[in-house]
Amino acid sequence: MMVEKLKYFYLNCILPELADSRFLRSMPMRNPKEIIDAQAKKIEQKRLPIHTIVHFIYYWAREMSSVTFCKRELNMGQNAVVDWSNYLREVCVWKLENNQNKEIGGPGLFVEIDESLFVRRKNNAGRILPQQWIFGGICRETKACFIISVPDRSEKTLLPIIQRYIRPGSIILSDCWKAYNNLQQVGFKHNTVNHTYNFVDPDTGAHTQHIERLWGSAKWSNKKRRGTNRNFLESYLAEFMWRTRLGEQDAFETILKDISEIWPPL
């Protein structure tokens, strides 16, 4: 009996709705071919002209791709702007993941490391959300760096990341956070600065001002877009890292080159 009821429900309720959503609104059902043609036309209308896509990529490379700007200058809808921004950040993620030189530092080179709270409530207002920490390092000599989000800043979490991203023999500079206490035991030289008393250690000259400036730049980039959906935090950090590693390279030419590496021309 139950099987017959389910079959009736499927054939008379679900199937007609799947075939044509107008069925349940007491409107005449269309021919299946008309439905397919209408869907194809809708998809075609959503496709952006190639010149609009190229212009968007150019403005994205120049950090001028806000929804308001693209609506006014490129006649793009909000969803299109968001989708294409996500596509380009995916390129940044791919480029970083496939970078052959993920490690920074090396024997005799100084690497500053630090962790920072990236997502929190302002003035204790708004929804209560879990804290989001990010961890990173920057080599003083080469300016090479890395930034990743982490669940916490415990030694169990941070030590494997340090070993993965920083070459053995590097001279690591950090504050006195307890998670860094055993760095010398895993192949690194380690100098610290106690930020409670000094920004620069008076005896060794150790400081972490380079990584602090990196945090400032990352957070300013986040502030310009009025915050970051934490579901997309990794991709936003990847974009920031991609831009940081540009150096003297042109951002527009570089993103086009990276796109061509992912989707080579036929």
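**Exercise 1. What covers the buried residues of H9?**

Before we start: this is a predicted model, where local features need pLDDT of at least 70 and side-chain atom pairs count only at pLDDT 80 or more, while totals for chains, interfaces and linings use all residues. Residues are numbered from 1 along each chain as its sequence is written, and side-chain values use heavy atoms, with hydrogens and water left out.

*Step 1.* Pick out the residues. Ala 251, Phe 252, Thr 254, Ile 255, Asp 258 and Ile 259 are the buried residues of H9. Here buried means under 20% relative accessible area, exposed means over 50%, and partly exposed lies in between (1.4 Å probe, protein chains only). Helices (H or I, at least four residues) and strands (E, at least two) are DSSP runs, numbered from the N terminus.

*Step 2.* Look down the axis. The buried residues of H9 fall within an arc of 165°, so they line one face of the helix; the arc is that of the directions from the helix axis to the C-beta atoms. An α-helix has 3.6 residues a turn, so residues three or four places apart point the same way.

*Step 3.* Find the cover. It includes H3, helix H5 (78–97) and helix H8 (233–244), where contact means heavy atoms within 4.5 Å.

**Exercise 2. Compare the expected spans of H9 and H8 with the distances between their end C-alpha atoms.**

*Step 1.* The expected span is 1.5 Å times one less than the number of residues in the helix.

*Step 2.* For the twelve residues of H9 that gives 16 Å, and the end C-alpha atoms are 17 Å apart, which agrees.

*Step 3.* The twelve residues of H8 should also span 16 Å, and here the end C-alpha atoms are 16 Å apart, which agrees.

*Step 4.* While you are at H8, check its surroundings: ten of its twelve residues are buried, so H8 is largely enclosed by the rest of the structure. Among them are Tyr 236, Phe 240 and Trp 242.

**Exercise 3. Describe how the rings of Tyr 58 and Phe 252 are paired, and which parts they join.**

*Step 1.* Rings of Phe, Tyr and Trp (its six-membered ring) pair if their centres lie within 6.5 Å; planes under 30 degrees apart count as stacked, over 60 as edge-to-face and the rest as tilted. The structure holds seven such aromatic pairs.

*Step 2.* For Tyr 58 and Phe 252, the ring centres are 5.2 Å apart and the planes are at 75°, so this pair is edge-to-face.

*Step 3.* Tyr 58 belongs to helix H3 (residues 50–61) and Phe 252 to helix H9 (residues 251–262), so the pair ties together parts that are 194 residues apart in sequence.

*Step 4.* Tyr 58 is partly exposed, at a relative accessible area of 34%, whereas Phe 252 is buried, at 17%. Both belong to one aromatic cluster with Tyr 59 and Phe 69.

**Exercise 4. Which rings have the charged end of an arginine sitting over them?**

*Step 1.* A charge sits over a ring if NZ of Lys or CZ of Arg is within 6 Å of the ring centre and within 35 degrees of the ring normal.

*Step 2.* Arg 89 places its charged end over the ring of Tyr 236, 4.0 Å from the centre. The charged end of Arg 153 sits over the ring of Trp 177, 3.9 Å from the centre.

**Exercise 5. Locate Glu 63 and Lys 143 and give their phi values.**

*Step 1.* Glu 63, in the loop between H3 and helix H4 (67–74), has a positive phi of about 60° although it is not a glycine. Its relative accessible area is 47%, which is partly exposed.

*Step 2.* Lys 143, in the loop between strand E2 (132–139) and strand E3 (145–150), has a positive phi near 70°. Lys 143 is partly exposed, at 48%.
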